[in-house]
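Some labels attached to a protein model are easier to trust once the value behind each is set beside its cut-off. The questions below do that for one chain.

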Amino acid sequence: MAISSDATSPATEPAWTTSRIDRLLSSRLVGGSNAALRLAAPPQGAQRVWRSIALLLSLEVVVGIATLVVAFAFRHVDGLVTPASWFRGTVVLLMTFTLFGFAWAARRGYWWAYWRLRLFSQIFPVVTLVIAAVPGLYPLWMTIEQIVFSVLLIGVGDFLTGERMREWYPNPKRQPDAYVAVHV
C-alpha cells in the first residue's frame with residue numbers, strides 16, 4: 001500500500017501518514033541513499049518490541065546522566081574523575097540520544113534508521129568493552145559504568161537482530177515490495 005495523505009484514496013486508511021517530520025527523515029542528508037524507503041505497512045505486533053527498546057535506551061540515558069552527576073560530585077577527588085571520564089560520559093550521553101532518534105525513526109518505518117540502530121547497538125558495546133579493558137584508562141567506577149552501558153546496549157541489539165525484527169524490516173534489496181518510497 002502506498003503512502004498517501006490524499007483524501008481521495010481508497011476507503012481504507014493509509015498504512016502510514018506522512019508529516020513534516022517525514023520530509024526530514026526521508027532526506028538524503030539524514031537517511032543516506034535509502035532515506036525514502038519506509039515500510040509499506042506498520043509491522044503487526046512491533047509496538048511491544050519498540051517499547052522494550054525504548055525502556056533499555058531510557059535506562060542508558062539514566063546511566064549517562066548518573067555518570068555525569070557522579071563525575072561532577074567527585075570532581076575534586078584526586079584520581080576518581082579524569083578528563084577522559086568527562087569526555088566519555090558526555091559522548092555516551094549524546095550517543096544515546098542519537099540512538100533514541102534512530103529508534104524513533106525506525107519505529108516510524110524507516111529502514112535506514114532500523115539498520116543504523118542495529119549496527120550501532122552491535123558495534124558500540126564491543127568498542128566500549130575493549131576500551132574498558134585498558135588498564136588505568138578510567139577509574140573503576142567508570143569501568144563498571146561502561147560494562148552496564150554495554151549490557152544494556154547488547155539487549156537493544158538482541159531485540160533488533162531477533163527473527164521477528166528481521167522479518168518486519170527485511171533488507172530492501174532482497175524484499176523491495178516491503179517498502180515504499182516516501183514522496184513528500
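**Labels and the values behind them**

Helix α4 is followed by glycine 109, whose phi is positive, near 105 degrees. The model is a predicted one, in which local features need pLDDT of at least 70 and side-chain atom pairs count only at pLDDT 80 or more, while totals for chains, interfaces and linings use all residues. Residues are numbered from 1 along each chain as its sequence is written, and side-chain values use heavy atoms, with hydrogens and water left out.

Q: How do you know that the span of α4 agrees with its 25 residues?
A: Helices (H or I, at least four residues) and strands (E, at least two) are DSSP runs, numbered from the N terminus, and the expected span of a helix is 1.5 Å times one less than its number of residues. For α4 that should be 36 Å, and its end C-alpha atoms are 36 Å apart, so the two agree.

Q: Why is tyrosine 114 called buried or exposed?
A: Buried means under 20% relative accessible area, exposed over 50%, and partly exposed in between, with a 1.4 Å probe and protein chains only. Tyrosine 114 has a relative accessible area of 1%, so it is buried; tyrosine 169, at 2%, is therefore buried as well.

Q: Which label does phenylalanine 120 receive for its relative accessible area, and why?
A: Phenylalanine 120, which lies in helix α5, has a relative accessible area of 24% and therefore counts as partly exposed. Its C-alpha atom and that of methionine 95, 25 residues apart along the chain, are separated by 9.7 Å.

Q: What makes glutamate 167 buried or exposed?
A: Glutamate 167, in helix α7, has 58% relative accessibility and so counts as exposed. The C-alpha atoms of glutamate 167 and proline 43 are separated by 9.2 Å, although these residues are 124 apart along the chain.

Q: Why is the pair of tyrosine 114 and tyrosine 169 called stacked or edge-to-face?
A: Rings of Phe, Tyr and Trp (its six-membered ring) pair if their centres lie within 6.5 Å, and planes under 30 degrees apart count as stacked, over 60 as edge-to-face and the rest as tilted. By this rule there are six aromatic pairs. Tryptophan 50 and tyrosine 169 form an edge-to-face pair, at 6.1 Å centre to centre and 85 degrees between the planes. Tryptophan 50 is in helix α3 and tyrosine 169 in the loop between α7 and β2, so this pair ties together parts that are 119 residues apart in sequence. The rings of tyrosine 114 and tyrosine 169, by contrast, have centres 4.6 Å apart and planes at 15 degrees, so that pair is stacked.

Q: What places the charged end of arginine 75 over the ring of phenylalanine 72?
A: A charge sits over a ring if NZ of Lys or CZ of Arg is within 6 Å of the ring centre and within 35 degrees of the ring normal. The charged end of arginine 75 is 3.9 Å from the centre of the phenylalanine 72 ring and sits over it. Arginine 88 likewise lies over the face of phenylalanine 149, at 5.4 Å from the ring centre.
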